[in-house]
Every structure is written in structure tokens, then in C-alpha cells.
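Subject: Structure handover and notes

Dear colleague,

I am passing on the structure below, together with an account of what was found in it. Could you please read the notes with the coordinates open beside them?

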Amino acid sequence: MLYNLFVGPVFSTAKTFTVGIYQAEPIVFMDIDDQPKGIFVDILSSIAAEEEWDVNYMHGTWTTCLDRLQKGVIDIMTGVAYSDQRAQQYDFNQETVITNWGQIYLRKNSPIQRFLDLNAKSIAVLKEDIYYDFFKVTGERFGVKPDYREVGSYAAILKMLD
């Protein structure tokens with residue numbers, strides 16, 4: 001999956017932007033002192049300095065930030081994977097910043113060995129995540145119907161697994 005830096009409505013000549021930030025270390029996150037950090041924050045800060053932009057960050061969950069972007073509460077969201085559906089609504093930058101992938105985590109000694117073994121199992125997923133969408137479509141193709149538990153962060157998923 002390719003991650004883009006900028007995702008939002010078509011850019012105007014504005015010089016002040018509100019950026020949605022969520023917890024996805026090391027890509028983008030708020031540190032212990034409530035300061036925005038991460039690869040995308042560093043890149044955006046460099047661009048903002050060069051372009052003389054004022055950037056304000058608004059923290060929330062992945063889902064909250066995506067909702068804020070859709071409603072126009074924030075102007076930019078970083079670290080959003082491209083999809084044709086999303087491209088109909090948002091303007092993506094043209095340079096890929098990070099390539100990433102989805103992964104299934106299982107408890108130690110889990111009897112699950114293959115994709116079909118996930119049928120009727122409880123699976124924690126990040127709500128509105130592109131990997132969740134892909135996983136659902138793949139599951140439907142193979143007749144795999146898990147009990148999806150939608151949560152707001154990857155950390156919550158790992159906590160539930162623990």
C-alpha cells in the first residue's frame with residue numbers, strides 16, 4: 001500500500017492549514033508532551049517553512065480525523081493510503097512517501113494456520129482502514145465471515161489481542 005503525505009480537498013491559495021493527526025508511530029503521532037511528531041510531520045514542517053504556511057495540528061483517532069476531513073474541519077490528513085474511491089473525494093499528492101502493508105496478528109499458539117480458518121472468528125480491525133476494506137472483500141470471495149470488531153486505533157487492536 002502506498003502512503004501519501006497530503007490528502008484533502010483541492011488546495012487553495014490559503015497559507016494556514018489544519019492537519020489531522022492520529023497515533024501511527026513512526027509515521028505520525030502525538031508524543032508524550034502532546035507535540036506532533038513523525039516522518040510526515042517532519043516532511044510537512046519542512047514544506048511549510050519553505051512555503052510560509054502556518055500549520056495547526058488537531059489530534060484524534062483515525063476515524064475521527066477521516067470524518068473531520070470529510071466535513072472540512074481539517075484541511076489535510078497525512079498518512080492516508082490511496083484508493084480510487086478516496087481519490088474521487090480527496091486530492092492526493094503525486095509522490096509516494098512510504099510503502100506499507102497490512103498484517104494479521106494472532107495470539108501465540110493460535111490454531112489458525114490459513115485464511116479460511118478465520119471464518120466465524122473475532123477479528124479486531126481499524127474502522128475505515130483500507131486494509132479492513134480489502135480484508136472484507138477477500139473474505140467475501142472465499143466465504144470467510146469473521147465477527148469484525150471495529151476499533152479506533154492499532155494500539156487498541158493489539159490490546160484486545162493481548
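Helices, as the word is used here, are DSSP runs of H or I with at least four residues, and they are numbered from the N terminus. With that numbering, E52 comes just after helix 1 and takes a positive phi of about 60°. Please bear in mind throughout that this is a predicted model.

Overall picture

The protein has 5 helices and 12 strands, and its C-alpha trace spans about 55 × 35 × 25 Å along the principal axes. Of its 162 residues, 38% count as buried. If one takes the contacts between residues at least 6 apart in sequence, 69% of them join residues at least 24 apart.

Helix 1

Helix 1 covers residues 39-51, which makes 13 residues, and from its first C-alpha to its last it reaches 18 Å, close to the 18 Å expected at 1.5 Å a residue. Within helix 1, the residues F40, V41, L44 and A48 are buried. Because these residues cover an arc of only 95° around the axis, they lie on the same side of helix 1. On the other side of helix 1, by contrast, D42, A49 and E50 are exposed.

Nonpolar cores

The largest nonpolar core has 21 residues, of which Y22, V28, W62 and M77 touch the most other members. Helix 1 and helix 2 (62-71) each supply at least two residues of this core, and the largest share, 4 residues, comes from helix 2. As for V28, if residues up to four places away in sequence are not counted, V28 touches I21, Y22, Q23, K37, G38, V41 and T78. Apart from the largest core lies another core, of 7 residues, among them I112, L118, V125 and F135.

Strand 3 and the turn to strand 4

T18 has its place in strand 3 (residues 16-21). T18 counts as buried because its relative accessibility is 18%, with under 20% as the cut-off for that class. Leaving aside neighbours within four places in sequence, T18 is in contact with N56, M58, V73, I74, D75 and I76. In the loop between strand 3 and strand 4 (29-30) one finds P26, and the peptide bond that joins E25 and P26 is cis, with omega about 0°.

Aromatic pairs

The structure holds 7 aromatic pairs. In one of them, F17 and W53 meet edge-to-face, at 4.8 Å centre to centre and with 65° between the planes. This pair links distant parts of the chain, since F17 is in strand 3 and W53 is in the loop between helix 1 and strand 6 (54-59), 36 residues apart. Both F17 and W53 are buried.

Y82 and F92 form an aromatic pair that is likewise edge-to-face, at 5.1 Å centre to centre and with 70° between the planes. Because Y82 lies in the loop between strand 8 (80-81) and helix 3 (84-89), while F92 lies in strand 9 (residues 91-92), the pair ties together parts that are 10 residues apart in sequence. In burial the two partners fall into separate classes: Y82 counts as partly exposed, at 40% relative accessibility, whereas F92 counts as buried, at 7% relative accessibility.

There is also one aromatic cluster, which F115, Y132, F135, F142 and Y148 form. Within this cluster, Y132 has K136 lying over the face of its ring, at 4.4 Å from the ring centre, and F135 is also among the members of the core of 7 residues mentioned above.

Backbone points to look at

Two residues in the loop between strand 10 (96-99) and strand 11 (122-126) deserve a mention here, N109 and A120. N109 has a positive phi of about 65° although it is not a glycine, and at 74% relative accessibility N109 counts as exposed. A120, which is also a residue other than glycine, has a positive phi near 65°, and A120 counts as exposed as well, at 62% relative accessibility.

With best regards

Note on methods. Residues numbered from 1 in each chain as written. Predicted model: local features only at pLDDT ≥ 70, side-chain atom pairs only at ≥ 80, totals over all residues. Heavy atoms only, no water. Buried < 20%, exposed > 50% of the residue type's maximum accessible area, 1.4 Å probe, protein only. Contact = heavy atoms within 4.5 Å. Expected span 1.5 Å × (residues − 1). Arc of directions from axis to C-beta. Core = buried A, V, L, I, M, F, W, Y, C linked by side-chain atoms within 4.5 Å. Phe/Tyr/Trp six-rings, centres within 6.5 Å; stacked < 30°, edge-to-face > 60°. Lys NZ or Arg CZ within 6 Å of the ring centre and 35° of its normal.
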